Amino acid sequence: MAVRCGLKIRRKQAMSAIDTVVVPIHRAGWPFIAGFAVVSLVLGLAVWAPLGWIGLVLTLWCAYFFRDPDRVTPTRPGLLVSPADGRVTMIVPAVPPKELGMGSEPLTRISVFLNVFNVHVNRVPADGTIVAAEYHKGTFVNAALDKASDENERMAFRHRLPDGREIAYVQIAGLVARRILWWVKAGQEVKAGERFGLIRFGSRTDIYLPDGVAPLVCVGQTAIGGETILADLNGAEPQRQGDVRR
């Protein structure tokens, strides 16, 4: 019996070690991974062997891009978590997308820029209900630029929190991003940390805070989607200051 228990424990430890290395791939990525793999095989066998190796590297990068790790989301009422992985590039007052009908008064907007090495699965910032989900067809300028919020292709969500206040979050396409995916719709109830969409490939995600709510992140900080706390609706802590050079 002791031997069996020991084997079970070692098996669980081995599986846990594998889970930390082998990250699940989102289903939206499998067609791309398969396409890269087929092209790489054809190039390597029929054209020139080194091309096959280059294709293999690109195939592995594609699999890495579409990884979809589990996250541990803080669940205390009032917390807003980051909707995306990436670097906080801007914290500025801005008017939410007009298609959401949230008025013309500026709100604090936190912008998270995703490069091609970040996880691109987006997550819901808080519990609540999707009031509106609006797609806007636009251009594809660099998502790091401020004007990308107005000019680029985007998918915007108006979200009512349990206390009645509202936030907005927006998926924004970038220079190489040509496809925004989303899986939630108006009227749907959602939970903090729940996956709601994905952007291929480089991109940006904005979140608009309720009036008077201070951000708890700084420009230059790295955010983890579904985990990093961007704001506390019930807190009184002032806006955080930081220096990315340190």
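Okay, one definition before anything else: when I say the expected span of a helix, I mean 1.5 Å times one less than its number of residues. Hold on to that, and let's use it on helix α3. This helix covers residues 49-65, so 17 residues, and from its first C-alpha to its last it reaches 25 Å, close to the 24 Å expected at 1.5 Å a residue. And please keep in mind throughout that this is a predicted model.

So, staying with α3, which of its residues are buried? They are G52, G55, T59, C62 and F65. Looking down the axis of α3, those buried residues fall within an arc of 130 degrees, so they line one face of the helix. Over on the other side of α3 you find W53, V57 and L60, which are exposed. And what covers the buried residues? The cover includes α2, residues 30-47, and β10, residues 195-200.

How does that sit with the annotation? UniProt, in an unreviewed entry, places the feature "transmembrane region" at residues 21-39 and 45-66. Over residues 45-66 the chain comes out as 91% helix and 0% strand, with the end C-alpha atoms 26 Å apart.

While we're here, a look at α2. A34 has its place in that helix. A34 counts as partly exposed because its relative accessible area is 40%, between the 20% and 50% cut-offs. Along the chain, A34 and A63 are 29 residues apart, and their C-alpha atoms are separated by 9.5 Å.

Let me step back to the whole protein for a second. There are four helices and 13 strands. Of the 246 residues, 45% are buried. Then the contacts: taking those with a separation of 6 or more, 72% are between residues 24 or more positions apart.

Now the one you'll probably all ask about, S203. The unreviewed UniProt entry lists S203 under "active site". UniProt also puts the feature "modified residue: Pyruvic acid (Ser)" at S203, again from an unreviewed entry. Where does S203 lie in the fold? In strand β11, which runs over residues 203-208. Buried or exposed? S203 is buried, because its relative accessible area is 0%, and buried means under 20%.

That brings me to Y169, which is in strand β7, residues 166-173. Y169 is also at 0% relative accessibility, so Y169 counts as buried. What does Y169 touch? Leaving aside neighbours within four places in sequence, the contacts of Y169 include D206 and I207, and both of those positions fall in the 203-208 range of β11. Also among the contacts of Y169 are V124, P125, I130, M155, F157, H159 and F196. On the distance side, Y169 and I110 are 59 residues apart in sequence and 9.4 Å apart in space, C-alpha to C-alpha.

I130 turns up again when we go to A186. A186 is found in the loop between β8, residues 179-182, and β9, residues 189-190. With a relative accessible area of 46%, A186 is partly exposed. Not counting residues up to four places away in sequence, A186 touches I130, V131, A132 and A133. For A186 and I130, that's 56 residues apart in sequence but 5.0 Å apart in space, C-alpha to C-alpha.

A quick word on cysteines. How many disulfides does the structure hold? Zero. C62, the one we met on α3, is buried because its relative accessibility is 0%. C218 is buried as well, with a relative accessible area of 15%, so that value falls under the 20% cut-off.

Last thing, confidence. The mean pLDDT of the protein is 86, and 88% of its residues reach 70 or more. Over residues 5-10, though, pLDDT is below 50, and beyond near neighbours in sequence this stretch has zero contacts in the model. Residues 12-20 also stay under 50, with zero contacts beyond four places in sequence. Where pLDDT is low, the predicted coordinates should not be read in detail. That's the tour, thanks.

Notes
Residues numbered from 1 in each chain as written. Predicted model: local features only at pLDDT ≥ 70, side-chain atom pairs only at ≥ 80, totals over all residues. Heavy atoms only, no water. UniProt positions renumbered as here; feature names shortened; annotations may be inferred. Helix = DSSP H or I, 4+ residues; strand = E, 2+ residues; numbered from the N terminus. Buried < 20%, exposed > 50% of the residue type's maximum accessible area, 1.4 Å probe, protein only. pLDDT = per-residue confidence, 0-100. Contact = heavy atoms within 4.5 Å. Disulfide = S-S within 2.5 Å. Arc of directions from axis to C-beta.
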